[in-house]
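Colleague: I keep meeting words such as "buried" and "salt bridge" and would like to know what stands behind them. Could we go through a few together?

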Amino acid sequence: MKKLLALLLSAALLCSAALPALAEAESADARLTQVTQRVKETLDLDTTAYTEFYGDHTEDALTPLWYLTWTGDIGSLSVEALEDGTITYYSLSEYREEPEPLTGGDLPAFPAVDNDAATAAARDFLDRVLTSSAETAELELTRSPDLNGGDYRFSGDIFLNGLPSPLSFSLTVRAEDMTVIRFNRDVLANSCLGGVPSAVPAATQEEAAALLRDTLALRLEYVRSEKDSAHAVLRYVPEYGHDFYVDAATGELVDLTELESEMYKNAAGAGADTAAEESAPSASPQEGDLTAAEQAGIQKLEGVLSQEALDAQLRTVEEYGLEDYTLVSASYTLWEGEDGEEDRVDCALRYSRSAEDGVWSRAFTVDAKTGAVSSLYSYGPWNEERQPALTAEEAQAKAEAFLAACYPDHAGRLELYDSHADSVAEGYPFYSFTFARQENGCFFPDHSYRVGIDATDGSVSRLSFFYEEDVTFESTEGVIDAEAALDAWLATYDVTLCYLYVPESLTAGDPEEDKLLQLGFQSFYRLKLGYVLEREGSYLGIDAKTGEPVERQYEEAEGLSYTDLEGHWAQAEVETLAQYGVGYDADAFGPGQALTQWDLVSLLYSLDYYAVDPGSQDQDLRDEVYSAAYRAGCLTKEERDDGALLTRAGVIRMLLDRAGYGQVAGLEGIFTCGYPDRADIPAEELGYAALAQGLGLLDPGSPYAGTRTATRAEAAVLLYRLMER
């Protein structure tokens, strides 16, 4: 389920405080003995092979946490557990001898995947460590071994009384022997106060849905069409703000974001003097990657203006307020044009001024041939005592006047879309406004200007923008009304009854709560039963014409697939390779097609890198694929012949060389084989032919047929069998 906010801040505060011990030192050994016994019973541990043991614990404001470590010649075992033996962390590390490889090569092999056995091992472990009768777990397999090896990884949510909760876990099962080697979980004891409330709600789901609906808001905007990026369509998009839930006991709508904000603000206030302050950037010149000679060379390009000329041009724009700023560096960058575009030269000019409260700086990026500004960023020190020289309304007027003067062609289509003025009152030196394009009364935020205004003098402190002229906009005719869109948006959610963390005021006099009060908390998490809005998938908004939800589309890597394998004798092998990304980046595999040298090196390239299209004529790509083949020992540079047709013997030789068998295959006088056409096999090929038979690459009783031209299907099947060994 969705996590509302991380507990990192509170965890850091709790762990950093020096708190009174919960028990006398002389009882620590007894407590350690008791916790250790509980852990060993839970996990049914046999620790006799370990030669050393160490145990320690921390006492924070919520609960003690014990750290147990066993070590020895066989490896180590680490466990973290609560006082009652609840295991929160488990890590097993064993020293294991790697088996000697059959060859000197590193050809990937198909992993022995048994998801069912791994899931059973994970479930058995969970049944041991989830000792509370209220806890159950939803187990999800997130990773299985692949061609690169690896283990089985699981994650999931922990349910309380059958309902979703903020608790989750992760677990790893070793592929070699289905042993759990890592486990980590959340627990209530070190996350919140109190216990688990009743799972029986007083408020109904229908009542909660009505209240939660009012927390949703949509706005009608233009967005780019997924089918044509130069066309904008209308969509109701969500306005995100605070998170709410409905208390299942009282039926009250609660602003969870506000409660958490107050909790963190109060806690952070106790140690505010330790907060890091943003440091000012150095006023020294910051040169780019180009040398001084290269910079000078760029400035000599036809039409490029000198830094003095660009500086003078910027100073003519009064709105930039550069009177008291000094140019400290100028750096040119040459951008080579693509697809027939002209080369472009940019110049980054950095300015600085010193003041009583620190160093202020401005950085412009301009077109070095025209001086047109493409971006402006500024830095100024925070100062909570500073009084702004102009109000937010006056700053907005300054920004609008600047756009009208400097960008008149666009300014008439821009309206205020967003602003950030509150931070100025807190000491930030700049107002910030975003003006977005408006068509037919609706915003198109993809086209926008962001303008910053210096709160001390009203000058322009920031500028960034993106605007195109060739975008078309659909009409507003047939747009559904906002209420219908909101109903459709609500329908994408489920109103879910669950447990969640909710900050609640602390009361002095309670020993556990007093420790939190000492840390500066005025409130802290308790577990509550409530209704929240949740959903599967991710949605971008509601189509303003159809009223249908628009779901975010993700491209999932599912291996390769082909359209021409149905019923082919090699279908199973080729499709298995494809599941692991081994094959061709093409719609058709061409199983009956005569195999070229390029076809085979492309196939082998996908073992270690990625699938390529064998039809590609990209010479750089082809060179890289062949370079990989040289490194792998498949062939030499002198043997390269992209279009050469390969015989079956040639395929077997390249595959066995790739697998590291080449040196063995070259030995003479030690091999025998039982092919019907044994007499036709040349002496220099006999070693490869014998190894191919011994490794099961060819069907028993079938001829070697080394001189026959191979097909893509035969190459794939031979590779499959070699990887299956």
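Modeller: Happily; here are some labels and the values behind them. This is a predicted model, where local features need pLDDT of at least 70, side-chain atom pairs count only at pLDDT 80 or more, and totals for chains, interfaces and linings use all residues. Residues are numbered from 1 along each chain as its sequence is written, and side-chain values use heavy atoms, with hydrogens and water left out.

Colleague: Why is E341 called exposed?

Modeller: The label depends on relative accessible area: buried means under 20%, exposed over 50%, and partly exposed in between (1.4 Å probe, protein chains only). E341 has 57% relative accessibility, so E341 counts as exposed. E341 sits in the loop between strand 13 (326–335) and strand 14 (344–355); strands here are DSSP runs of E with at least two residues, helices are runs of H or I with at least four, and both are numbered from the N terminus.

Colleague: And why is T86 called buried?

Modeller: The relative accessibility of T86 is 12%, so T86 counts as buried. T86 lies in the loop between strand 3 (75–82) and strand 4 (87–94).

Colleague: What makes T119 partly exposed?

Modeller: T119 has a relative accessible area of 30%, and therefore T119 is partly exposed. You will find T119 in helix 3 (residues 115–129).

Colleague: How do you know that R143 forms a salt bridge with D146?

Modeller: A salt bridge needs a side-chain nitrogen of Lys or Arg within 4 Å of a carboxyl oxygen of Asp or Glu. In R143 and D146 the closest N and O atoms are 3.5 Å apart, and the pair forms a salt bridge. R143 is partly exposed because its relative accessible area is 23%, and D146 is called partly exposed because its relative accessibility is 27%.

Colleague: What makes E714 and R648 a salt bridge?

Modeller: Their side chains meet with N to O at 3.1 Å. This pair links distant parts of the chain, 66 residues apart: E714 belongs to helix 19 (residues 712–723) and R648 to helix 16 (residues 648–658). With a relative accessible area of 10%, E714 is buried, and R648 is buried with a value of 10%.

Colleague: How many salt bridges does a search of the whole structure find?

Modeller: The search finds 33 salt bridges. One of them joins R721 and D699, where the closest N and O atoms are 3.0 Å apart.
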